[in-house]
2 protein chains.
Amino acid sequence: MSKNEKKLKVIPLGGLGEVGKNMTLLEYEGRILIIDMGLNFPEDENPGVDYIIPNISYLSGRKEDILGVIFTHGHYDHIGAVPYFLNKLGNPPLYAAPLTMGIMEKRQDDFPSQPKMNKIVVRDGDKIEIGPFKTEFFHQNHNIPHNLGLFIETPVGNILHTSDFKFDETPQNGPATNFDKLKSFSEKGIHLMLSDSTGAEIEGSSLSEKTISENMETIFKEAKGRIITATFSSLINRVQDIIELSEKYGRKVVIEGYGMKTNIEIARNLGLIKIKKNTLIDCKEAGNIPDKKTTIICTGAQGEERAALMRIANGQHRFFELRERDTVVFSSSIVPGNERAVQNLRDDILRQGADVYHYKMMDIHAKGHAQSQEIEKMIRIMKPNFIIPIHGQYSMLVKHKEIADKTGIPEKTIIIENGEPAILTPENLYKSEKRINAEPVMVDGSGIGDVGGVVLYDRKELAESGIFVVIVVLDKKTKKLKNSPDIISRGFVYLRESQDLLAETRKKTREIIKEASKSRKKANAKHIKKEMEQKIEDFLYSKTKRRPIVLPVVIEV
Amino acid sequence: MSKNEKKLKVIPLGGLGEVGKNMTLLEYEGRILIIDMGLNFPEDENPGVDYIIPNISYLSGRKEDILGVIFTHGHYDHIGAVPYFLNKLGNPPLYAAPLTMGIMEKRQDDFPSQPKMNKIVVRDGDKIEIGPFKTEFFHQNHNIPHNLGLFIETPVGNILHTSDFKFDETPQNGPATNFDKLKSFSEKGIHLMLSDSTGAEIEGSSLSEKTISENMETIFKEAKGRIITATFSSLINRVQDIIELSEKYGRKVVIEGYGMKTNIEIARNLGLIKIKKNTLIDCKEAGNIPDKKTTIICTGAQGEERAALMRIANGQHRFFELRERDTVVFSSSIVPGNERAVQNLRDDILRQGADVYHYKMMDIHAKGHAQSQEIEKMIRIMKPNFIIPIHGQYSMLVKHKEIADKTGIPEKTIIIENGEPAILTPENLYKSEKRINAEPVMVDGSGIGDVGGVVLYDRKELAESGIFVVIVVLDKKTKKLKNSPDIISRGFVYLRESQDLLAETRKKTREIIKEASKSRKKANAKHIKKEMEQKIEDFLYSKTKRRPIVLPVVIEV
């Protein structure tokens, strides 16, 4: 390899080795194009954390080098980190389709200290030169409108970025996959393809939205009372479909849940959702309309605590309570980790006598991602020299590579994860030996990155057995106890019902201090504190088989 | 209904409206037969809790009335509460098959203060009179040997209890379903059937263990190195199958994980697992044997933190580390809530280059429960007058009832949940109007039932944002501050990196105390404490958008 050979770096900061917080950099001669800036939701291991965002330390001090940010579509795992990054990146130009831009703008309202977004609206078919990256945006089917794939001409060769995608020849809202267009890119030659892996482990092809719609219609035909549909607020096309069905069957529609209302408003202003004049009603009006003439579209299909569906099911909603003849439709898949919450919610709804439909009983949700056959088809259309599977857990990337290897088409498919750059040259694609810091960054309240290992570890410990604070006042000179030790605890035992344990612990504390203060030499507050911590912890464990965090407080007067 | 009509109560204390902690009482003229005493594992809502067991307050003071306890099989959701209940119930006679009894006995070792179990070993075909309950035990297929259904003749009519079951005409270990036997019960007339609902929402019939075994064999044929299979330690039949395949393909077998070793030992002593003389080797010996001649059977298919598979994958196992040519087989379904842990473990194994098989890729796990067609078949065989669906979440009980209603066979199928007794008379089955206390009881360390609402609520709060302790020393008379306020916190922020926040909080605390001590009247420690709690909480929220639990400590000297 000659030293002067052109090199382009593909740097994944998020979304490779996980589902969520997608963010990838393309760097050529020190100039950087960013694709997506998403967030992820925390798992159980991160208690109290609101969001997880990519680590952008690689970009610090490089504002001048950032050419801009392209957003493929308006899902939070592609746009959610924007409010945390704009200032840090020097407010770079943001390229996004109208709906994507609309959702991003709306979100900025929640972050008042943000700069005015540097917006460049792009559409299917637009071609824009962004430094050395000549980018053509093209329509890709997904479950949100205005999803754009990227065909990027670069000095080392053409790069195709699929965005999240599925093939759909009969979508419900918006155009079908344009295979001719895809082939035209292929004819120009694809050097590297970055392709969606989220659905790789599912065999076959994804369902068309048409099938979903047909199944939905049978529910509309059979429903005896109100229809309450819960789905993701970002599934604009599904919402459109439910509205159309409601209109067809003479039902008025109530939209419930803040996120749902906001997204529908944005999509409607852009003409992406069409609603007849008298279709929408508000919660209050719904009271005057027969149940058989009412549809409620709401959030909460994941069993979220405060979402509309949960409040309706719990009887905590201001206007609606569940009725026996209601039909509740969960029109979304379950995000891993939410299975129990959804099961419990379904049970609560069934207990009240309503009918429940969910995607395991009937195909009333189509995933937005290409499954194994579609992934293969994309490879066969594009015939890329190289592939990097993107967007997915490691096992999905592996499956994507297996599919690619089996076709015999790409010369090489490499798996890289967050923080592992790949180098693309006119002749080759290989993993860089240098790793980039891509440790996830936690957002908790207004703190970004100030919650990490120790804090989360402590939170988990606290959740396990609570905290036990013992306060003693010592004579400064003699180190003798001047009070009866005070005890405060939370999350450990019912203190009221544990008076014996408390009395014993006080006695034990007295002994510990007596013992520790014996030796003049060692008798300082630090030593006494340490002794208390260790010995009270052991004592409590021996009595309860639990290990609360013991916090000794020693005050000398 | 005449006042003297015979009445039998069916009282579910656990397992109805949930999957787990099965326990049902049959009560006739004040005399009680207990069926199963299981435990459940806590969900996220119960941090730090070890187990959840049924509430037996209904049985308190009624030792004399308890005729005995029948255990259908040796899974923990049927036997796990035994050590917590034996003393409280007056050590009643325990009826169980040899394997079930063996597992129960082994577990008693961990509870040294237990009474000697009052054991009565029963087998397929045994008939025993237990007070007014003439019980015949019969073999039912499941995924553990010695699973017994119950045919119980009572003064109000015959009751059939299916236990957990599936139909399997080609099981791998142990007898096939004996349909003639089932029909013979039917011919005697079934008044009430209590039947397993866990699989009701899955269409079709469960896979036979034979299919699983055939798929397993293809893995054995193709494996390039060691085979590491992870499964539940209670899936004795699967373990037997893996051992037989290992013997067929010339592999030695290492058993890893305490639970796995224990269960295999018990089953082997009972002749339920057959292992050739030189098949088993220990961890150390495995080092001398080629990888292609080694099988490791271990625990950890749920991604459990400390189980053998996790330790092998993490490089923390004393003897084994993962190798590139290893084949890892997850031969079990995923318990809801464990999806992410299993996905992460799979990814870690794949990253190390090993092959991974799991049940979604290939049928290498069969569930142990009758699916919709089998449930229907059981109804058609038994032709019961009445049905109570047991063992399942509410949605499963509902589906079971739908299946039953569709057959047109039972006169009535009623859904009851934990704490909702049903009354069976010679003519009827109906829900009692009286509810029984069936609030779940938490076991945490050595405490049983001492962790409840408040403690769990605090644990969740602590996990969310941690704790913040502020200690002030006041002059007893003037209520003036005598020290600089001390701050201790855990799980809130990195204290070292938050020195400004701490300084501000100290300042704020001084102001609060100054303000609070102004008014002579109100200036007592209690008032100051309250002010501190409220105002420091608000202050911290304004600064961080987090709400740690604030614990003010006020010491007067």
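The following is a conversation about how terms are applied to a predicted model.

Colleague: What is the make-up of chain A in secondary structure, and how much of the chain is buried?

Modeller: Chain A comes to 15 helices and 28 strands. Of its 557 residues, 59% are buried. Along the principal axes, the C-alpha atoms of chain A fill a box of roughly 90 × 75 × 45 Å.

Colleague: Why is the contact between A:Arg62 and A:Asp65 called a salt bridge?

Modeller: The N to O distance between the two side chains is 2.9 Å. A salt bridge requires a side-chain nitrogen of Lys or Arg within 4 Å of a carboxyl oxygen of Asp or Glu, so the contact qualifies. A:Arg62 and A:Asp65 are also linked with A:Glu27 in a network of salt bridges. Over all chains, the structure holds 47 salt bridges.

Colleague: Why is A:Arg62 called buried, and why is A:Asp65 called partly exposed?

Modeller: Buried means under 20% relative accessible area. A:Arg62 has 17%, and therefore counts as buried. A:Asp65 has 24%, which lies between 20% and 50%, so A:Asp65 counts as partly exposed.

Colleague: What makes A:Glu214 and A:Lys210 a salt bridge, and how are the two residues placed in helix α5?

Modeller: Their side chains meet at 3.6 Å, N to O, which is within 4 Å and therefore satisfies the definition. The two residues are four residues apart in helix α5 of chain A, which spans residues 209–222, so about one helical turn separates them. A:Glu214, at 45%, is partly exposed, and A:Lys210, at 40%, is partly exposed as well.

Colleague: How do you know that A:Arg351 and A:Asp348 form a salt bridge?

Modeller: The closest N and O atoms of this pair are 3.0 Å apart. That value is within the 4 Å cut-off, so the pair is a salt bridge. A:Arg351 and A:Asp348 are three residues apart in helix α10 of chain A, residues 339–351, and are therefore separated by about one helical turn. The relative accessible area is 35% for A:Arg351 and 27% for A:Asp348. Each value lies between 20% and 50%, so each residue is called partly exposed.

Colleague: How many aromatic pairs does the structure hold, and why is the pair of A:Phe41 and A:Tyr51 called edge-to-face?

Modeller: There are 16 aromatic pairs over all chains. The rings of A:Phe41 and A:Tyr51 are 6.0 Å apart, centre to centre, with 65 degrees between the planes. Centres within 6.5 Å make a pair, and planes over 60 degrees apart make it edge-to-face, so both conditions are met. A:Phe41 lies in the loop between β4 (31–35) and β5 (51–53) of chain A, and A:Tyr51 lies in strand β5, so the pair ties together parts that are ten residues apart in sequence. A:Phe41 is partly exposed at 48%, and A:Tyr51 is partly exposed at 23%.

Colleague: What makes the pair of B:Phe167 and B:Phe179 tilted?

Modeller: The ring centres of B:Phe167 and B:Phe179 are 5.1 Å apart, and their planes stand at 45 degrees. This angle is neither under 30 degrees, as in stacked rings, nor over 60 degrees, as in edge-to-face rings, so the pair is tilted. B:Phe167 is in the loop between β12 (157–161) and α4 (179–188) of chain B, and B:Phe179 is in helix α4, so the pair ties together parts twelve residues apart in sequence. B:Phe167 has a relative accessible area of 9% and B:Phe179 has 17%. Both values are under 20%, and therefore both residues are buried.

Colleague: Which residues form the negative surface patch, and why is A:Asp44 called exposed?

Modeller: The negative patch is formed by A:Asp44, A:Glu45, A:Glu305, B:Asp44, B:Glu45 and B:Glu305. A:Asp44 has 52% relative accessibility, which is over 50%, so A:Asp44 counts as exposed. This residue is placed in the loop between β4 and β5 of chain A. B:Glu305 sits in the loop between β16 (294–298) and α9 (308–314) of chain B; at 63%, B:Glu305 counts as exposed.

Colleague: Which residues make up the positive surface patch, and why is A:Lys482 called exposed?

Modeller: The patch is formed by A:Lys476, A:Lys482, B:Lys476 and B:Lys482. A:Lys482 has a relative accessible area of 53%, which is over 50%, and A:Lys482 is therefore exposed. A:Lys482 is found in the loop between β26 (467–474) and β27 (486–490) of chain A.

Methods:
Residues numbered from 1 in each chain as written. Chains lettered and ligands numbered in written order. Predicted model: local features only at pLDDT ≥ 70, side-chain atom pairs only at ≥ 80, totals over all residues. Heavy atoms only, no water. Patch = residues over 30% accessible without salt bridge, like charges linked within 9 Å, V, L, I, M, F, W, Y side chains within 5 Å. Areas by Shrake-Rupley, 256 points an atom, 1.4 Å probe, with all protein chains shown as cover. Lys, Arg positive; Asp, Glu negative; His and termini not counted. Charge placed at Lys NZ, Arg CZ, Asp CG, Glu CD. Buried < 20%, exposed > 50% of the residue type's maximum accessible area, 1.4 Å probe, protein only.
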